[in-house]
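The following exercises are to be worked with the sequence and the coordinates at hand. Each task is followed by a solution in steps.

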Amino acid sequence: MIKIERVLVPVDGSDSSRNAAKYASHLLNVRNPVLYLLHVYEPINMTIGGDEAAMLRAEEQAKSMAMLEDYKKMLEPCGMRIELIAREGRPGYVILDVQEEYDCDLIVIGSRGLSALEGVIMGSVVTHVLQGAQCPVLVTRNLRHKYLQDACGI
């Protein structure tokens, strides 16, 4: 039997990613599970440099960590170790890099994001992850209430 001990959940603040995080908490039932919550923020424009770029990066990092803390609070009743990761870059590539870096057993990702072109943009991220992941990928879409309720009391 495959033991899923380390799960990566890329999040962006959307309902889809929030539901994916809840669902992922259902899947972890081993002794020392770790849930990695990842938020990838857009790279700072290369035309901006120096102190201004550093300030913008720090602001984006702080926003990402604040959002990740909200997810962590939502999942705390599960009693598992939750690690927060905020990275700058292109989401599909960063997700795959983090999966490899942390040796994750599973990626759980929502099918829709927050962008203006959410179907196209998030769809392309999901497709990139599906094609490049070195572990199984579970894509959640329009989860029914029964899959979200009673997840560790959340």
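The pLDDT is the predictor's confidence in each residue, on a scale from 0 to 100. This is a predicted model, in which local features need pLDDT of at least 70 and side-chain atom pairs count only at pLDDT 80 or more, while totals for chains, interfaces and linings use all residues. Residues are numbered from 1 along each chain as its sequence is written, and side-chain values use heavy atoms, with hydrogens and water left out.

**Exercise 1. Confidence**

Determine the average pLDDT of the protein and examine residues 116–122.

Solution. The average is 83, and 79% of the residues score at least 70. Over residues 116–122 the pLDDT falls below 50, although this stretch has ten contacts (heavy atoms within 4.5 Å) beyond near neighbours in sequence. Where pLDDT is low, the predicted coordinates should not be read in detail.

**Exercise 2. The sheet**

State the strand order of the open sheet and identify its edge strands.

Solution. Helices (H or I, at least four residues) and strands (E, at least two) are DSSP runs, numbered from the N terminus. Two strands pair if DSSP finds at least two bridges between them. The five strands follow the order β3-β2-β1-β4-β5, with parallel pairing. At the edges are β3 and β5 (137–140), each of which pairs on one side only. From one strand to the next, the twist averages 20 degrees; axes are lines fitted to C-alpha atoms, for helices over the stretch in contact, and angles run from 0 to 180 degrees between N-to-C directions. Strand β1 (residues 6–10) is joined to β4 by two bridges, and L8 stands opposite I107 in β4. Helix α2 (residues 50–75) packs on the sheet, touching β2 (34–41) and β3, and its direction makes about 145 degrees with that of β2.

**Exercise 3. The nonpolar cores**

Which residues touch the most other members of the largest nonpolar core?

Solution. A nonpolar core is a set of buried Ala, Val, Leu, Ile, Met, Phe, Trp, Tyr and Cys residues joined through side-chain atoms within 4.5 Å. Buried means under 20% relative accessible area, exposed over 50%, and partly exposed in between (1.4 Å probe, protein chains only). The largest core has 22 residues, of which V7, V9, L35 and L37 touch the most other members. Two or more residues come from each of β1, α1 (15–27), β2, α2, β3 and β4, and α2 gives the most, with five. Apart from this core lies another, of 18 residues, including L38, I95, L96 and C104.

**Exercise 4. E88 and H39**

Is E88 buried, partly exposed or exposed, and how is H39 classified?

Solution. E88 belongs to strand β3 (residues 81–88) and is partly exposed because its relative accessibility is 27%. H39, in strand β2, counts as buried because its value is 12%. Their C-alpha atoms are separated by 8.6 Å, although the two residues are 49 apart along the chain. The side chain of E88 makes a polar contact with that of R57 at 2.9 Å; such a contact is a pair of N or O atoms within 3.5 Å, where, within protein, one must be able to donate a hydrogen and the other to accept it, and residues adjacent in sequence count only if both atoms are side-chain atoms.

**Exercise 5. A positive phi**

Where does D103 lie, and what is its phi?

Solution. D103 lies in the loop between α3 (91–101) and β4 (106–110). Its phi is near 55 degrees, a positive value in a residue other than glycine. Most residues other than glycine have a negative phi. D103 is partly exposed because its relative accessible area is 49%.
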